Protein chains: 2
Amino acid sequence: MIRRTQAERSDETTAALVRAARELFGGNGYAGTSIDAVAAAAGVTKGAAYHHFGGKLPLFRAAFEGELGEICAKLERVAAEEGDPWAALRRGARTFLEHCLDPGFQQIVMLDAPSVLGWEAVRAAEHDHLLGILVAGFSMVAEDDEAAVPARAQLVFGALCEGGMLLARSPDPAAELPRLASEADRLLEALRV
Amino acid sequence: MIRRTQAERSDETTAALVRAARELFGGNGYAGTSIDAVAAAAGVTKGAAYHHFGGKLPLFRAAFEGELGEICAKLERVAAEEGDPWAALRRGARTFLEHCLDPGFQQIVMLDAPSVLGWEAVRAAEHDHLLGILVAGFSMVAEDDEAAVPARAQLVFGALCEGGMLLARSPDPAAELPRLASEADRLLEALRV
DNA sequence: CATGATTCATACTGTGGGTATGTAACTGTG
DNA sequence: CACAGTTACATACCCACAGTATGAATCATG
């Protein structure tokens with residue numbers, strides 16, 4: 001029997017559970033996924049899942065945060081590659097649209113999360129990770145009313161989400177992406193003043 | 001015993017079920033509402049619900065369509081009060097934002113429907129009822145690429161939905177509404193070209 | 001009014017979220 | 001290293017609820 005520390009045991013189990021949760025919740029949706037299935041896919045039983053997460057909802061929340069962390073990291077990476085904040089905004093919008101093609105991200109973050117976790121929880125989490133980037137970008141280029149920036153960023157974010165869903169359902173996403181991206185650019189441009 | 005025709009019996013029962021479904025699904029969400037509860041609120045039992053609708057999902061779909069029909073009727077009414085299509089668009093956007101303050105509409109149409117019925121089903125239904133109005137308005141004022149109109153309308157619709165949720169969460173919706181409406185106007189204006 | 005079709009109620013089954021309890025694996029202390 | 005105490009799970013159980021018969025009223029029709 002290998003000797004592992006408790007922290008190692010916990011970390012490995014929770015990591016396996018979150019990985020399985022993202023896989024199954026992303027593939028079959030929240031309602032279509034049982035805790036037993038997630039635990040089995042992680043090589044443990046319900047007991048472990050309830051011990052570490054305390055319920056189906058917190059487990060889903062962990063999967064949600066995993067998805068959010070991934071897109072956030074990607075956004076920060078590409079934003080850093082651009083020089084001025086405005087180019088970063090445009091690049092970020094396009095990157096977000098592309099990321100919506102990931103079925104797991106779509107199912108967990110776009111479809112199930114608002115219903116399962118509540119809109120405000122999702123909004124709060126997205127604000128910390130995604131919208132913060134948008135708001136920062138807008139703030140840097142906004143030339144007039146600073147107070148209108150958050151609401152404006154929110155509206156653009158809603159448009160981007162809708163665009164992402166539209167893109168994912170497109171019969172030819174590769175052809176659709178540039179058109180949507182240009183429409184998104186137009187939106188950003190419109191709100192620049 | 002009063003003598004009723006079968007059609008009357010069916011109509012009364014289904015109407016009562018849909019009414020109860022809109023009430024409960026709207027108040028407690030899809031997952032938080034049992035068929036027994038809906039049936040009890042309608043004065044019948046599960047048997048009636050399953051006889052007329054065949055399951056929880058079709059029952060929810062009926063509630064969803066009821067909500068959609070209501071907002072649609074309201075939109076058509078206010079749009080008819082405006083003269084030119086552009087004013088109708090602006091008025092429609094504002095009306096939609098206001099309607100998002102209804103908790104039942106929010107829960108059923110904005111939060112649960114995409115997760116429960118699937119995004120494409122919701123999109124299709126909304127396209128027939130709500131987006132059709134938007135697309136028609138844009139088509140009438142679009143001066144350039146006609147092909148870009150549907151996607152553009154979709155993005156605006158996404159922004160409006162996000163604005164509606166934001167409005168509903170606002171501590172002072174009455175104060176927030178005009179600001180959001182002006183931002184929406186700005187969006188519409190931007191896409192007019 | 002007799003026969004068949006609708007409309008519904010009642011009783012039952014299965015699945016799955018949640019909980020209680022037991023057991024094995026680790027950790028700190030003498 | 002022995003031995004309590006804690007942590008990490010597995011197992012067995014309960015219960016709510018979606019879905020499925022089955023049967024009994026109610027209504028339509030020849």
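This is a stop-by-stop tour of a predicted model, with a selection to make at each stop.

**Stop 1: the annotated span in chain A**

Select residues 11-71 of chain A. UniProt, in an unreviewed entry, lists this span as "domain: HTH tetR-type". Colour the span by secondary structure: 80% of it is helix and 0% is strand. The C-alpha atoms at its two ends lie 22 Å apart.

**Stop 2: DNA strand C**

Show DNA strand C and the protein residues around it. There are 24 such residues, and the closest are A:Lys46, B:Ser10, B:Thr13, B:Thr45 and B:His52. Which part of the strand comes within 4 Å of the protein, sugar and phosphate or bases? Of the strand C atoms within that distance, 72% belong to sugar or phosphate, and the rest belong to bases.

Now pick out three contacts with phosphate oxygens of this strand. Start with B:Ser10, where a polar side-chain atom lies 2.5 Å from a phosphate oxygen. Move to A:Tyr50: an N or O atom of its side chain is 3.0 Å from a phosphate oxygen. At A:Thr33 the backbone takes part instead, with a polar backbone atom 3.3 Å from a phosphate oxygen. Next, highlight helix H1 (6-28) and helix H3 (46-53) in both chain A and chain B, since these are the elements that give two or more residues to the surface near strand C. By class, that surface has 6 nonpolar, 12 polar and 6 charged residues.

**Stop 3: DNA strand D**

Switch to DNA strand D. Of the 24 residues around this strand, A:Arg9, A:Ser10, A:Thr45, A:His52 and B:Lys46 come nearest. Sugar and phosphate make up 77% of the strand D atoms that come within 4 Å of the protein.

Three side chains are worth selecting here. A:Thr13 has an N or O side-chain atom 2.8 Å from a phosphate oxygen of strand D. For B:Thr5 the corresponding distance is 2.9 Å. A:His51 has a polar side-chain atom 3.0 Å from a phosphate oxygen. H1 and H3 of chain A, together with H1 and H3 of chain B, each give two or more residues to the surface near strand D. The classes there are 6 nonpolar, 12 polar and 6 charged residues.

**Stop 4: two loop residues**

Select A:Val44, in the loop between helix H2 (35-41) and H3 of chain A. Is A:Val44 buried or partly exposed? A:Val44 counts as partly exposed because its relative accessible area is 25%. Add A:Ala16 to the selection: 28 residues separate the pair in sequence, and their C-alpha atoms are 9.0 Å apart.

Then go to B:Ala42, in the loop between helix H2 (35-41) and H3 of chain B. B:Ala42 has a relative accessible area of 18%, so this residue counts as buried, the cut-off being under 20%. Draw a line from B:Ala42 to B:Ala168, which is 126 residues away along the chain; their C-alpha atoms are separated by 29 Å.

**Stop 5: the largest pocket**

Turn on a pocket display. The largest pocket holds about 390 Å³ of space. Of its 25 lining residues, the closest to the centre are A:Ser115, A:Val116, B:Tyr30, B:Ala31 and B:Ser115. Helix H6 (103-117) of chain A, and helices H4 (56-81) and H6 (103-117) of chain B, each supply at least two residues of the lining. The lining has 11 nonpolar, 11 polar and 3 charged residues.

**Stop 6: the cavities**

How many cavities of 30 Å³ or more are there? The count is 5. The largest cavity has about 510 Å³ of space. Among its 26 lining residues, A:Met110, A:Glu162, B:Met110, B:Pro114 and B:Glu162 are closest to the centre. H6, helix H7 (119-141) and helix H8 (149-169), taken from both chain A and chain B, each supply at least two lining residues. The lining divides into 18 nonpolar, 2 polar and 6 charged residues.

Finish at the second largest cavity, with a volume of about 140 Å³. Select its lining, which includes A:Leu75, A:Gly92, A:Phe96, A:Leu130 and A:Phe157. Helix H5 (85-99), H7 and H8 of chain A each give two or more residues to this lining, and H5 of chain A gives the most, with 5. By class there are 11 nonpolar residues, 1 polar and no charged.

How values were computed:
Residues numbered from 1 in each chain as written. Chains lettered and ligands numbered in written order. Predicted model: local features only at pLDDT ≥ 70, side-chain atom pairs only at ≥ 80, totals over all residues. Heavy atoms only, no water. UniProt positions renumbered as here; feature names shortened; annotations may be inferred. Helix = DSSP H or I, 4+ residues; strand = E, 2+ residues; numbered from the N terminus. 1 Å grid on protein atoms, 1.4 Å probe; cavity = no way out; pocket = protein on both sides within 12 Å on 5 of 7 lines; lining within 4 Å. Points joined across faces, edges and corners; volume = space filled by probe spheres on them. Nonpolar A, V, L, I, M, F, W, Y, C, P; charged D, E, K, R; others polar. Near = heavy atom within 4 Å. Polar contact = N/O pair within 3.5 Å; in protein donor to acceptor, adjacent residues only side chain to side chain. Buried < 20%, exposed > 50% of the residue type's maximum accessible area, 1.4 Å probe, protein only.
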